[in-house]
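Open the model in your viewer and keep the selection panel at hand. The tour goes from pockets to a cavity and then to a helix pair.

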Amino acid sequence: MANHKIKAVIPAAGLGTRFLPATKAMPKEMLPVVDKPAIQYVVEEAAAAGIDDILVIIGRNKNAISNHFDSVPELEVKLMEKGDTGRLARVVQSSDLADIHFVRQGEPKGLGHAVLRARTHVGDSSFAVLLGDDLIDERDALLTTMLEVHEATGSAVVALMEVDPASIHMYGAAAVQPTDRDDVVRVTGLVEKPAQEDAPSNLAIIGRYVLPASIFDVLEHTAPGKGGEIQLTDALEELATRDGGPGVVGVIFRGRRYDTGDRVDYIKAIVQLATDRDDLGADLRPWLKEFAERL
């Protein structure tokens with residue numbers, strides 16, 4: 001069932017410098033993960049949670065993303081003529097997933113600034129933010145749980161994941177208190193990329209958020225933080241600590257997540273997803289075992 005009230009926002013304006021030269025002329029969100037661009041997994045996740053209105057925040061090189069989600073009649077006709085119904089279905093699926101809109105971020109001034117660009121489209125409703133670097137396995141529920149928790153509490157909801165304390169400096173970290181529901185916590189503070197000794201916990205924010213529209217007013221006056229960028233974490237910290245506000249709740253995710261933001265993790269994500277696929281795993285698994293033994 002479509003969740004008509006909630007829209008999704010996918011920020012896709014980053015420069016992808018870690019993947020140069022592949023991202024010189026193509027957004028990193030279009031890098032293939034097995035045989036689909038990373039951003040398609042994210043759009044599919046939103047659609048599976050019942051969201052049918054998606055805003056993609058884009059930078060330069062935007063055409064590849066908008067072209068991907070458009071229909072390509074000449075390609076569809078060719079595949080139809082060949083009788084290649086399997087590939088035709090996969091091509092058509094990407095343009096039928098949801099109603100997808102685009103807005104430019106302009107100058108990339110951080111995630112908070114990208115989210116603020118969604119204000120006109122989102123209006124006064126709550127909305128979900130899904131980052132393209134984090135792919136959540138379709139077999140594991142996360143966004144649907146976050147939407148339920150938001151519906152029940154009215155709070156901003158962030159996805160949290162336990163990470164090795166030695167790598168917490170790569171994430172936003174949450175200070176939390178338990179609630180009466182397993183794996184749902186009250187967030188009392190957030191710190192962007194803390195040193196290990198300063199981290200309030202080993203619970204890291206991963207790239208899924210369900211936010212009330214009140215976040216826009218907070219972002220309007222959020223000063224640039226780490227890296228001179230407007231950080232969404234700083235705005236959420238204000239919501240978490242403000243008296244009488246909606247507060248922030250965390251949903252602790254214990255499922256499968258694939259990080260495509262780093263080259264090594266990107267390769268790992270492809271291998272993990274491909275070995276689980278019915279059409280690829282049977283050939284790939286024995287080869288991987290053999291290859292690993294030669295290392």
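In the residue classes used on this tour, Ala, Val, Leu, Ile, Met, Phe, Trp, Tyr, Cys and Pro count as nonpolar, Asp, Glu, Lys and Arg count as charged, and the others, Gly among them, count as polar. Keep in mind that this is a predicted model.

**Stop 1: the second largest pocket**

Select Tyr41, Ile136, Asp137, Glu138 and Arg139. Of the 20 residues that line the second largest pocket, these are the closest to its centre. The volume here is about 560 Å³. Colour the lining by class: 10 residues are nonpolar, 1 is polar and 9 are charged.

Now switch to cartoon. Helix 1 (38–48), strand 7 (134–136), helix 7 (143–153) and helix 10 (263–276) each give two or more residues to this lining. Which element gives the most to the lining of the second largest pocket? Helix 1 does, with 4 residues.

**Stop 2: the largest pocket**

Move on to Arg18, Lys28, Leu131, Asp133 and Lys193. They are the closest to the centre of the largest pocket, out of 40 lining residues. Its volume is about 1200 Å³.

Show strand 1 (7–12), helix 5 (111–116), strand 11 (203–211), helix 9 (232–241) and strand 13 (257–259). Each supplies at least two residues of the lining of the largest pocket. Strand 11 has the largest share, 4 residues. By class, the lining divides into 16 nonpolar, 11 polar and 13 charged residues.

**Stop 3: the cavity**

How many cavities of 30 Å³ or more does the structure hold? There is 1. About 60 Å³ of space lies in the largest cavity. To find the walls, select Phe19, Lys28, Glu29, Leu31, Ala38, Gly132, Asp133, Thr260 and Tyr266. Lys28 and Asp133 are in this lining, and both were in your selection for the largest pocket. The cavity lining has 4 nonpolar, 2 polar and 3 charged residues.

**Stop 4: a helix pair**

Two packed helices are described by the angle between their axes and the distance between the axes. Select helix 10 and helix 11 (residues 281–294). Their axes come within 7 Å and cross at roughly 125°. That crossing makes helix 10 oblique to helix 11.

Then show side chains at the contact. From helix 10, pick Val271, Ala274 and Thr275; they meet Gly281, Leu284, Arg285 and Leu288 of helix 11. Counted by class, this contact has 4 nonpolar, 2 polar and 1 charged residues.

Key
Residues are numbered from 1 along each chain as its sequence is written. This is a predicted model: local features need pLDDT of at least 70, side-chain atom pairs count only at pLDDT 80 or more; totals for chains, interfaces and linings use all residues. Side-chain values use heavy atoms; hydrogens and water are left out. On a 1 Å grid over the protein atoms alone, a cavity is a set of points where a 1.4 Å probe fits but cannot get out, and a pocket is an open set with protein on both sides within 12 Å along at least five of seven lines; lining residues have an atom within 4 Å of a point. Grid points are joined across faces, edges and corners, and a volume is the space filled by probe spheres set on the points. Axes are lines fitted to C-alpha atoms, for helices over the stretch in contact, and angles run from 0 to 180 degrees between N-to-C directions. Angles under 35 degrees count as roughly parallel, over 145 as roughly antiparallel, 65 to 115 as roughly perpendicular and the rest as oblique. Contact means heavy atoms within 4.5 Å.
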